[in-house]
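User: I'd like to learn how to read a model like this one, feature by feature. Can we go through it together?

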Amino acid sequence: MKIFVTGATGFIGSSIVDELLRRGHAVVGLARSDASATKLQAKGAQAHRGSIYDAASIVPVLNEVDGVIHAAFNHDFSTYAQNCLDDGVLLERMAESLRGSGKPLIATSGTTVIAPGHLATEDQPADPAIPRSASERFLRFHEFGVRTGSVRLPPSVHGEGDTAFVPAAIALARRAGVSAYIAMAPTAGPQFTATMRHGCSAMSWNGARRDIVSTPSRTRASLSACLQKRSAKGWACLSAALHLRKRQSISAGSRASPPPMFPPPAD
């Protein structure tokens, strides 16, 4: 199948492209620069020049492919609310262009579309009061002949090439000389690797039928505890690399806040 991927040279999108190519699909990746186009072509993918801020540059290619995986997002958090609105507008424009085609349109969203304070599941609709929920409005197009699906990403996606939370945590621990974590916190949250993300997208693609919402998760432990507290079980190399001489456990109250995220810019 021929699949159009936005964010195709980003941290997550590039993994999706690699996996789709490995599975024998033809890939057309959105590229906003010559450098991005060159990266895609070097992998054996086709580059389509355009921008997520110019729907008119994207719509024509939708007629040439069998479906779409939307992995692009502007991670400039100084304009986060507007970025969410822009993402929702683009998705609805793509969905409208695919109306009646029966083609899949799989997009990324976030677990944060569910209001905090209770256990979130895929069965819960996005809270319209939360800005990121705009990225799921397009799901309603399953009623109009589009096989819609959404993968709700957790606050942290890590792996090879990560420039977000894990490198930030390493830099902070290196500066402070302390690797801190929240001890015995009751908070549980999903997190997974970029390679799990591309597999999830591929599976969502293969199984997309109507209004699918997926929340991938590798562990219920918080990421900070997983990385710092459990270094002896798979993360010993992290502590060694940091040359940490001490570890500090920070007592938590009845509820702990998730660690801040610093995602990389989308392509």
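User: Let's start with one residue. Where is H70 found?

Analyst: Keep in mind that this is a predicted model. H70 sits in strand β4, which covers residues 67-70.

User: Is H70 buried or exposed?

Analyst: The thing to check is the relative accessible area, and under 20% means buried. H70 has a value of 1%, so it is buried.

User: And what is H70 in contact with, apart from its neighbours within four places in sequence?

Analyst: Its partners are T6, D87, L90, L91, M94, I106, A107 and T108. With T6 there is also a polar contact between the two side chains, at 2.7 Å.

User: Several of those have numbers in the eighties and nineties. Which residues of α4 are buried?

Analyst: In α4 the buried ones are N83, C84, D87, G88, L90, L91, E92, M94 and A95. Their cover includes α3, β4 and β5.

User: How do I check the span of α4?

Analyst: Compare the expected span with the distance between the end C-alpha atoms. At 1.5 Å a residue, the 18 residues of α4 should span 26 Å, and the ends are 26 Å apart, so the two agree.

User: Now the nonpolar cores. Which residues touch the most other members of the largest one?

Analyst: That core has 22 residues, and the ones touching the most other members are F4, I58, L62, V68, M94, L105 and F138. Two or more residues each come from β2 (26-31), α3 (59-62), α4 (80-97) and β5 (104-110). The most come from α4, which gives four. There is also a second, separate core of 19 residues, with I3, V17, V27 and L40 among them.

User: What about aromatic rings? How do I describe a pair?

Analyst: You give the distance of the centres and the angle of the planes. The count here comes to three aromatic pairs. One of them, F73 with Y80, is edge-to-face, at 6.3 Å centre to centre and 70° between the planes. Ring pairs also link F73, F77 and Y80 into a cluster.

User: Are F73 and Y80 buried or exposed?

Analyst: Go back to relative accessibility. F73 is at 4%, so it counts as buried. Y80 has 23%, so it is partly exposed.

User: Let's try a loop residue. Where does S57 lie, and what is it in contact with?

Analyst: S57 lies in the loop between β3 (46-49) and α3. Leaving aside neighbours within four places in sequence, S57 is in contact with H48, R49, G50 and S51. A polar atom of the S57 side chain lies 3.1 Å from the backbone nitrogen of S51. S57 counts as buried too, because its relative accessibility is 16%.

User: And where is A164 found?

Analyst: A164 is in the loop between β7 (157-158) and α5 (165-176). Its relative accessible area is 5%, so A164 is buried. Try looking along the chain as well: A164 and F11 are 153 residues apart, yet their C-alpha atoms are separated by 9.6 Å.

User: To finish, how do I read the protein as a whole?

Analyst: Begin with the elements: there are eight helices and eleven strands. Then take burial, where 49% of the 267 residues count as buried. For contacts, look at those between residues at least 6 apart in sequence: 73% of them join residues at least 24 apart. Last comes the accessible surface, about 13,000 Å², with 55% belonging to carbon and sulfur atoms.

Conventions. Residues numbered from 1 in each chain as written. Predicted model: local features only at pLDDT ≥ 70, side-chain atom pairs only at ≥ 80, totals over all residues. Heavy atoms only, no water. Buried < 20%, exposed > 50% of the residue type's maximum accessible area, 1.4 Å probe, protein only. Polar contact = N/O pair within 3.5 Å; in protein donor to acceptor, adjacent residues only side chain to side chain. Contact = heavy atoms within 4.5 Å. Core = buried A, V, L, I, M, F, W, Y, C linked by side-chain atoms within 4.5 Å. Expected span 1.5 Å × (residues − 1). Areas by Shrake-Rupley, 256 points an atom, 1.4 Å probe, with all protein chains shown as cover. Phe/Tyr/Trp six-rings, centres within 6.5 Å; stacked < 30°, edge-to-face > 60°.
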